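Thank you all for making the time. I would like to walk you through one structure, beginning with the inside and working outwards, so please have a look at it before I start.

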Amino acid sequence: MYTSVVALNMVRIGHLYRCRIEPLANHISAYQLVLVAQPGQGGEETILEDGTGRVAVFLGLQDAQSKAKSLRFSEKQIELPE
């Protein structure tokens, strides 16, 4: 898991190239951010954490999108839930 500061730095250097907003299981209108690394750099996925080692939870799609944009992901890099 990455904190916001680490995720922002990883986006700046091009390690992370997109993110996916996923609904949390068993929660209505609660979302998490899945951060995706460049394929040539492992292509791994990790979750954004809240700074205490827990998954960062956003209580609404707008909040999750806002956070993704604050990490410098563009609209095209943010995958919304279906």
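Let me say at the outset that what you see is a predicted model. I will begin with a single residue, Leu35, which, leaving aside residues up to four places away in sequence, touches Tyr2, Ala7, Leu16, Arg18, Cys19, Glu44, Glu45, Thr46, Leu48 and Phe73.

From Leu35 we can move to the group it belongs to. The largest nonpolar core has 19 residues, and the members that touch the most other members are Leu16, Leu33, Leu35, Leu48 and Phe73. Which elements supply at least two residues each to this core? They are the helices α1, at residues 4–12, and α2, at 61–70, together with the strands β1, at 16–23, and β2, at 31–37. Of these, β2 gives the most, with four residues in the core.

Now to the strands themselves. β1 and β2 run antiparallel and are joined by seven bridges, and if you would like one pair to find on the screen, take Ile21, whose bridge partner in β2 is Leu33. β1 also pairs with β4, the strand at residues 78–79, but here the sense is parallel and there are two bridges. In that pairing, Cys19 stands opposite Ile78 of β4.

Please look next at the loop between β1 and β2, where Asn26 is placed and where Ser29 is found as well. As a reminder, most residues other than glycine have a negative phi. Asn26, although it is not a glycine, has a positive phi of about 65°, and Ser29, which is not a glycine either, has a positive phi of about 60°. As for their surroundings, Asn26 is exposed, with a relative accessible area of 80%, whereas Ser29 is partly exposed, at 43%.

I turn now to the charged side chains, where the count of salt bridges comes to four. Two of them involve Arg20: in one, Arg20 meets Glu22 with the closest N and O atoms 2.8 Å apart, and in the other, Arg20 meets Glu45, where the closest N and O atoms are again 2.8 Å apart. Because Arg20 lies in strand β1 and Glu45 in strand β3, this second pair ties together parts that are 25 residues apart in sequence. Is Arg20 itself buried or exposed? With a relative accessible area of 15%, Arg20 is buried, since the cut-off for that word is under 20%. Its two partners, by contrast, are each partly exposed, with Glu22 at 23% relative accessibility and Glu45 at 46%.

Another salt bridge joins the side chains of Lys69 and Glu75, at 2.5 Å from N to O. Here Lys69 is partly exposed, with a relative accessible area of 41%, while Glu75 is exposed, at 53%. To return to Arg20 for a moment, the salt bridges that share partners join Arg20, Glu22 and Glu45 into one network.

Finally, let us come to the surface. Met1, Val55, Val57 and Leu59 make a nonpolar surface patch of about 360 Å². Among these residues, Leu59 sits in the loop between β3, at residues 45–47, and α2. Why does Leu59 count as exposed? Its relative accessibility is 68%, and exposed means over 50%.

How values were computed:
Residues are numbered from 1 along each chain as its sequence is written. This is a predicted model: local features need pLDDT of at least 70, side-chain atom pairs count only at pLDDT 80 or more; totals for chains, interfaces and linings use all residues. Side-chain values use heavy atoms; hydrogens and water are left out. A nonpolar core is a set of buried Ala, Val, Leu, Ile, Met, Phe, Trp, Tyr and Cys residues joined through side-chain atoms within 4.5 Å. Buried means under 20% relative accessible area, exposed over 50%, partly exposed in between (1.4 Å probe, protein chains only). Contact means heavy atoms within 4.5 Å. Two strands pair if DSSP finds at least two bridges between them. Patches are made of residues with over 30% relative accessible area and no salt bridge: like charges are joined within 9 Å, nonpolar side chains (Val, Leu, Ile, Met, Phe, Trp, Tyr) within 5 Å. Accessible areas come from the Shrake-Rupley method with a 1.4 Å probe; for residues, only the protein chains shown count as cover.
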